[in-house]
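Let's take a walk through this one together, starting from a single side chain and working outwards. Have the viewer open and follow along.

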Amino acid sequence: MNQEQFAHSWDQLKRYVSVKWTKVTKEDVLLIDGNLETFNAVVEGRYGNLKDDVSKWAHRWNCHWTGKYDGYQ
């Protein structure tokens, strides 16, 4: 998932961030505001180095939401 895809789907995605990543606060969600790099930094800050896991989760979520399963991992 790239920045453009992340930003485009942020309104839907943000509802699920704190369900999956329970240490992410409401303030963190406001800070992220559709920025993929900030999202990665916030989740990694709360959980440690999980960049691959975070990116994979966001990509899978986007594939599920959009129905575009090309490159689904």
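Which residues does Asn40 touch, not counting residues up to four places away in sequence? Keep in mind that this is a predicted model. With those sequence neighbours set aside, Asn40 touches Val54 and Ser55. Asn40 itself is found in helix α3, and with a relative accessible area of 11% it counts as buried, because the cut-off for that label is under 20%. Another way to place Asn40 is by its distance to Leu50: the two are 10 residues apart along the chain, and their C-alpha atoms are separated by 8.4 Å.

Now step back one position to Phe39, which also lies in helix α3. Here the relative accessible area drops to 0%, so Phe39 is buried. Leaving aside neighbours within four places in sequence, Phe39 is in contact with Phe6, Val17, Trp21, Ile32, Val54, Trp57 and Ala58. Pick out Phe6 from that list: it sits 33 residues from Phe39 in sequence, yet C-alpha to C-alpha the pair is 9.6 Å apart in space.

Trp21 is a good place to go next. Not counting residues up to four places away, Trp21 touches Phe39, Val43, Tyr47, Leu50, Asp53, Val54 and Trp57. Val54 is worth a click here, as it turns up among the contacts of Trp21, of Phe39 and of Asn40.

These contacts lead us to the core. The largest nonpolar core has 16 residues, and Val17, Trp21 and Phe39 are those with the most contacts inside it. At least two residues of this core come from each of α1 (3-20), α2 (26-32), α3 (36-47) and α4 (51-66).

Zoom out, and the protein chain reads α-α-α-α along the sequence, with four helices and zero strands in total. How does its radius of gyration fit with a compact globule? For 73 residues such a globule would have a value near 11 Å, and the protein chain has 11 Å, so the two agree. Along the principal axes, the C-alpha trace spans about 30 × 25 × 20 Å. Of the 73 residues, 32% count as buried. If you look at contacts with a separation of 6 or more, 45% of them are between residues 24 or more positions apart.

What about the outside? The accessible surface comes to about 5,000 Å², with 47% of it belonging to carbon and sulfur atoms. The protein chain carries 10 positive and 10 negative charges, and the mean positions of the two sets are 6 Å apart.

Finally, compare a couple of aspartates. Asp28 lies in helix α2, and at 9% relative accessibility it counts as buried. Its contacts, leaving aside neighbours within four places in sequence, are Lys23, Val42 and Arg46. Asp33, on the other hand, is found in the loop between α2 and α3. At 59% relative accessibility, Asp33 counts as exposed, because that is over the 50% cut-off. The backbone deserves a look as well: most residues other than glycine have a negative phi. Asp33 has a positive phi of about 40 degrees although it is not a glycine.

Terms used: Residues are numbered from 1 along each chain as its sequence is written. This is a predicted model: local features need pLDDT of at least 70, side-chain atom pairs count only at pLDDT 80 or more; totals for chains, interfaces and linings use all residues. Side-chain values use heavy atoms; hydrogens and water are left out. The radius of gyration is taken over C-alpha atoms; the globule rule is 2.2 Å times the number of residues to the power 0.38. Buried means under 20% relative accessible area, exposed over 50%, partly exposed in between (1.4 Å probe, protein chains only). Contact means heavy atoms within 4.5 Å. Accessible areas come from the Shrake-Rupley method with a 1.4 Å probe; for residues, only the protein chains shown count as cover. Lys and Arg count as positive and Asp and Glu as negative; His and the chain ends are not counted. The place of a charge is taken as NZ of Lys, CZ of Arg, CG of Asp or CD of Glu. A nonpolar core is a set of buried Ala, Val, Leu, Ile, Met, Phe, Trp, Tyr and Cys residues joined through side-chain atoms within 4.5 Å.
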